Every structure is written in structure tokens, then in C-alpha cells.
Amino acid sequence: MSRVSPRAARLAAWIAVPAALVASGVVVSTASYSAFSATTTNPTSNWTAGTVALSDDDANTALFTATNLKPGSTDSKCITVTSTGSLPSTVKLYATSPATSSVLAQNTTVKIEQGTGGGFASCSGFTPAATGGTLFENTLPTLGTQATNFASGLGSWTTTGAASESRVYRVTYTVAAGTPNTAQGNTASLGFTWEAQNN
Amino acid sequence: MVSIAVHGGHPPRDVLHQAVDWGRLVVATAARAVVATLLGLALWSAAPALLGWHPTTVMTGSMQPRLAPGDVVVSRPVAPAEVRPGQVLLADDPDQPGHLRMHRYVETGTDGVIVTKGDANPQADSTPIERSAVHGVAFLRVPSVASPVLWIREGRWVEVATAALALSVVLLLCTVDGSLRRRGARHRGSGGTDDRSGADRDGHGREARLASVAHRTVGAAPDPTRRSLRPARHARGTAGRAPVRHAAARRASGLAVVALVAGGGAALAPGQAEAAPFGVTTGTSMRITAYTVPTVTTVSCTDASGSVVIGWKYTGDPARSFTLIDDTGAVLATADGQATSATVKLSGLLALGTQRTVRVQTNAGTWTSAPSAPVTIQHTSILGLGSGTSCVR
């Protein structure tokens, strides 16, 4: 083995730099190619970096499918929303696909509360939160125009992502006692959507 | 090592030293390659900002597997007309003011808005983005380079400390061949006016601190034979004022470069907002339908000695009452909610077969039903005489 000549040492000192710059360029271009060349989505469930996950206990049934409502009719139902994601997130509630132009809708108020206890099967045991217990209390058309997306959504439930967290929401509708005769046979509908986005 | 020294003296020991020297050269070169690669990646992350491009750090896995958290993605501004479905866009997040969204353009919504979706998200983003909110199209991906930003943000200090330690070790390894390079310069300078020459007569003097570090790691026990071969520590202690100053200057400049790179990286790449929000929804619905007060059926008319009995059938929720009305809306008779008939007797002193149409209306609460099918009755009376009220068939 020959002795390390200073020339070789100096050459070695600097040869790494251009080589590495080329290497970094190759890394960036191949990574960019693989990331952006395909325009189709290729979903995977192998998330390693954390997820936002949200579910409810309604088993894909409607919270209310109420018929034969008369002036003064009222009912409450509860639904449990559970966040199981591993990322801290904000959960908001908003209305989707509102069909609330009828006389019935205009004369129906909705109250949305959040708290603990109870569930989709029964509201028994539901306790509204001490602060911010009532998220909304106004007419059905107002809900359909006021809370329409995540930005305008109701509530500010922030999850830590450390463990599964649940909240129970109680929705109460009341058909006003003075609802006019023209509301007969009317319908009204809207969807309640809870959305979680990571912070 | 000791036995070699006893047996043969210099040649075998030289071979060993040469092997160690080559090893140091390889290690230092590899370490420099690692550092230069990191710097190159940092350059790719930050330099496009000078062109007005937009580097962002991917903070979530919503675009996996194409983009991973810790990646830096550089977006290139494009004209709104050039934005096409399939592209990964960087845009203001309408859901969270001040945040950026980096998701794929999946379809065009109503009014030309852009519907986006994270590849790994189960649903498209609930709120579409306006074309004017688009900052650019993702163009370059620098993998994993901003992972420390992610770790700091998530408070993963173990990873941060590990990365810092690894970087320090690599930076230190970059310098282990310093003596090999400088040896030649000293040889050349030994006959001239170089002030280092006095201390470096044997060609080993300037390895100073780094060489001693290397030796400490190679063999912890001081070897008496070493001292004569390598008077580095002597040089440092006795004649090495100037070399120490130079070494200090080198160290300081090295630290300055590292600080500059770290500071520049911190100022440029992570300063950008996070991209790629992760969203998921769940929901339920409500549908309410109002009652329709039923109308009576099978309305009949039966004569009953000067009056008529109007009968009907009613099925439905119990009614409060029934009202019998004529064409003008005048109430001819009322009956309670359980009744299925009512007697109508028209009054008037002079009537010659005056016909009236009778309908039955159901009253439920404050609501009333639509009028029933009509039956016609007539009234014949001359000063209270005549057939009275009768059915018309």
C-alpha cells in the first residue's frame, strides 16, 4: 500500500462536493418525477405519518326521518362522533344539501348541543357541556345558510390525536305552534356533516 | 501493535499508518459527500424561492404515497389557464385562513371552482378552491429534507437530538483527513519563510487537535513510541502559536458556515406554511315532513223530514272537529271530532229550489284539511211551508 499523497488527499477533499451536488440533483429529479409525473391518484391505506379519522354511531341512517309533524311537534336525537386520528385536528359541524325553503322549514327551529352521555340509540344520560354547550339555535333555513362549510362550521372541538375522543351532539327540532296551514305536507331536509382537519 | 514495534521497527508500522491514513481519507470523503448532499438538497429546497417559486414543507400524509411528511415541495407559479385536472396544486386553504393546501386537482366544480383531494384522503376536500387562490403547480420534490421542521413542530425532541448529534458527528468526520492534506503544504514550505515550518519539521505538526482526537479514538493508552513519531502535541504546546491561531480560525469559519446554512435553511424552507391538510368527514341527515290533515271521504246526503243528514267517512289522526261549509265559505253546521254525520237544515222564508253545495272540512289543531267532494242540497220554502231542505240527486 502506498502512502497517502497530499495530492490524493486534496483531490479527495473536493471530489465529494461536485459528486454530492450531482447526487442531490438526481435525488430531487427522480423524487419529483415519481411524485408529479402521474396525474392519477393512487390511494393507499399505509399511512405512516398520522391520520385524521372521524366516525359516528348512526350506522348510515338518518338522525331524523320524521313524518306527520304538526304545529308544536318536537323531538330530540343524539349522535356520537368519534375522532380516532393520530394527528391533532379541529372538528366542525356544518349543514350540507339543505332543502329548507318550505313553509315548514321556516317555522321549524333547530337546536344543536354538544356534551357527553347518550348516543344514537337514546339520548338518555346526555349532559350538555358547561361552556359552549349550545352550538346553534335558530330556524332550519338559517342553519342551511349560516354553517355551510368547514370555515363557517359550528364548534371548535380540537382533538389531541393522542387517543380516541368522542363527543355527543343532541339535535332538537321544534315546529312552531303558529305554523300556518300552508305548511301541511311540506318537507324539509338537510345533512349534518362533521369534518376533521388536522391543525 | 506492540509486537510489531518490537520486531521490525518502521516498515510494518508504516504500513499500518498508511492503512489508517487511507481509512481516514475514505471516511472524511464520505462524510463530506453526505454534508454536501444535504447542502445540495437544502439548496434545491431554498434556491427556487429566488425565482419566485414557492417552497413548502409537507406536514401531513394526505398526499401519500406521492408526497410524504417532511418533504419540501417547490411549486411553480402558472397562469390560471394552465391549471389542469390531475396536477398537484398549492393554494390558499379556504377552510383554514392563513394555511396552504397542497392537493390534487380532481375535477372542476360549478362556476369553474377547483375541487381538490388528497390522494390518501377518502373524500374530496369539502370546500373547493377558487382559481385565483392557486399559488402554483407542484414541480420539485425534495424528499425528507424538512423532517426536522416536522419533528420540532410535533415536539419529537428525541429525533431532533438524534439528527443534531448525527450531523455533528458527520461534520467532525469531515475533518479527520485534515493532516493528510496539509502535510504536503508544509513540506513545500519547510525551506522558505513559512512561519509554520519551524514547528512542522517532521511533516506532522499541524495535525494539532484533530490528529490527537483521532489518536484518542484509535488507542486510548498513550504509546511511548508515538510521541517520537508524532510530536504534534509538542508542536501545539511549544512552538505552535501561529498554527493554533489558524486552527481556531478554521474552526470558527467552519462553525460560521454551519450556522449560516442552518440559519438560512431555517429562514427559507420551514418559514413557509405547511401544505396538505388532512380532512375527513362523517355525517347524518334529517328529513322532516309535515302532517297533511286528511279529507273525509264518501260524503253522502240523506233526506230526513225537512232536513238532510250529511254523512262521511274519516280515517286518520283524531280530528278536533268537522265543519260543513257551502260555496261561499259560510258554515252550515259543525260536528265534533268523533262524528261521522251532521244534520243540515237551511232556513229562509222564500226559496224555490235554491241549490247549495256542501263540503266537509276536517279541523286538526290549528290546521284544516282541504274541502271534501261536494254534495248538493236544495231548499224549497214559501213562508216556512214546502218540502224544506232535501238532497239533490
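Biologist: Which residue of E8(B) does Ala66(A) stand opposite?

Modeller: Keep in mind that this is a predicted model. Ala66(A) belongs to strand E2 of chain A, residues 64–69, and that strand is joined to E8(B) by four bridges, the two running parallel. Opposite Ala66(A) in E8(B) stands Ile288(B).

Biologist: OK, on to the wider contact between the chains. Which element gives the most to the side of chain B that touches chain A?

Modeller: Contact here takes C-beta atoms within 7 Å, and 66 residues of chain B are in contact with 78 residues of chain A. Helix H2 (10–46), strand E6 (134–142), helix H5 (178–189), strand E8 (279–290) and strand E15 (367–368) of chain B each chip in at least two residues to that side. With 14 residues, the one that gives the most is H2(B).

Biologist: And how many residues on the side of chain B that touches chain A are nonpolar?

Modeller: That side of chain B has 66 residues in contact with chain A. Take away the 24 polar and twelve charged ones, and the nonpolar count is 30.

Biologist: Now for chain A itself. Which residue is the bridge partner of Val81(A) in E9(A)?

Modeller: Start from strand E1 (residues 54–56) of chain A, which pairs with strand E3 (residues 74–83) in the antiparallel sense over three bridges. In that pairing Asp56(A) has Val81(A) as its partner. E3(A) also pairs with strand E9 (residues 165–175) of chain A, again antiparallel, over ten bridges. There, the bridge partner of Val81(A) is Arg167(A).

Terms used
Residues are numbered from 1 along each chain as its sequence is written. Chains are lettered from A and ligands numbered from 1 in the order in which they are written. This is a predicted model: local features need pLDDT of at least 70, side-chain atom pairs count only at pLDDT 80 or more; totals for chains, interfaces and linings use all residues. Two strands pair if DSSP finds at least two bridges between them. Two residues are in contact if their C-beta atoms, placed from the backbone, lie within 7 Å. Ala, Val, Leu, Ile, Met, Phe, Trp, Tyr, Cys and Pro count as nonpolar, Asp, Glu, Lys and Arg as charged, and the others, Gly among them, as polar.
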